[in-house]
Amino acid sequence: MGFWKKRIERDFAVRLDANNLWQDADDCIQHLQLIPRTFWAIEEPLQPRDFDGLQAVANALNVRIVLDESCTSVADLHYLKGEGWICNLRVSKMGGIIRSTAFANAAKQRKIDVVVGAHVGETSLLTRASLAVVQHLENEQLAVEGAFGTHLLSEDLTSPCIMFDDNAQISLDSLEVLRKPGLGLFVEPDRLVPLDG
């Protein structure tokens, strides 16, 4: 275990995502103290918007807290006291590019870091929308996630498909969509299937 712990600490930035697993901060802290300290942040370990409990977890474990379900609008930022918060900014969750950039502006004013991106399994449309937010932030976000494209999907809805390479990187300089009007993507009409119902 020692070798792997050292390798993870040296080569990777590990973040846990608990998806609102625990009901109680003390229970969460006791469980997380049992695993090797290879992580620097944990996403949503408690029930949504338990900000006092989340702060207790952060303090006890000396980690940063990533908010997802607990941070869906600018109004949620008012509950965040102290330092160490990170907001998971997803264009689909925030309700579009305009609301996402407003949220990014408000977070920046409060010196709260954001991770910008698209959810796992979302198409290039939302990856491209998240890149608009990255451009708005002038690349000052903590991290960018998404761009899974056909790494996960059997096919994407657009051409081109925006996805990361074998090194988990996107070369923004090579993305023609950034130099075209709108989102710069062409939606393939034959890939659009109406929902039954």
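Which residue follows α6, and what is the sign of its phi? The residue is E138, and its phi is positive, near 55°. The model here is a predicted one, in which local features need pLDDT of at least 70, side-chain atom pairs count only at pLDDT 80 or more, and totals for chains, interfaces and linings use all residues. Residues are numbered from 1 along each chain as its sequence is written, and side-chain values use heavy atoms, with hydrogens and water left out.

As for the chain overall, it has 6 helices and 8 strands (DSSP runs numbered from the N terminus: H or I of at least four residues for helices, E of at least two for strands). Of its 197 residues, 39% count as buried, meaning under 20% relative accessible area with a 1.4 Å probe, protein chains only.

Back to α6: this helix takes in residues 124-136, 13 in number, and reaches 18 Å from first C-alpha to last, close to the 18 Å expected (1.5 Å times one less than its number of residues). Its buried residues include S124, R128, L131 and V134. The buried set packs against several elements, among them β4 (85-90), β5 (113-117) and α5 (97-109).

What about α5 and α6 as a pair? Their axes come within 10 Å and cross at roughly 35° (lines fitted to C-alpha atoms over the stretch in contact, with angles from 0 to 180 degrees between N-to-C directions). On the α5 side, I97, S100, T101, A104 and N105 meet A129, A132, V133 and H136 of α6, contact being heavy atoms within 4.5 Å.

Methods
Buried < 20%, exposed > 50% of the residue type's maximum accessible area, 1.4 Å probe, protein only.
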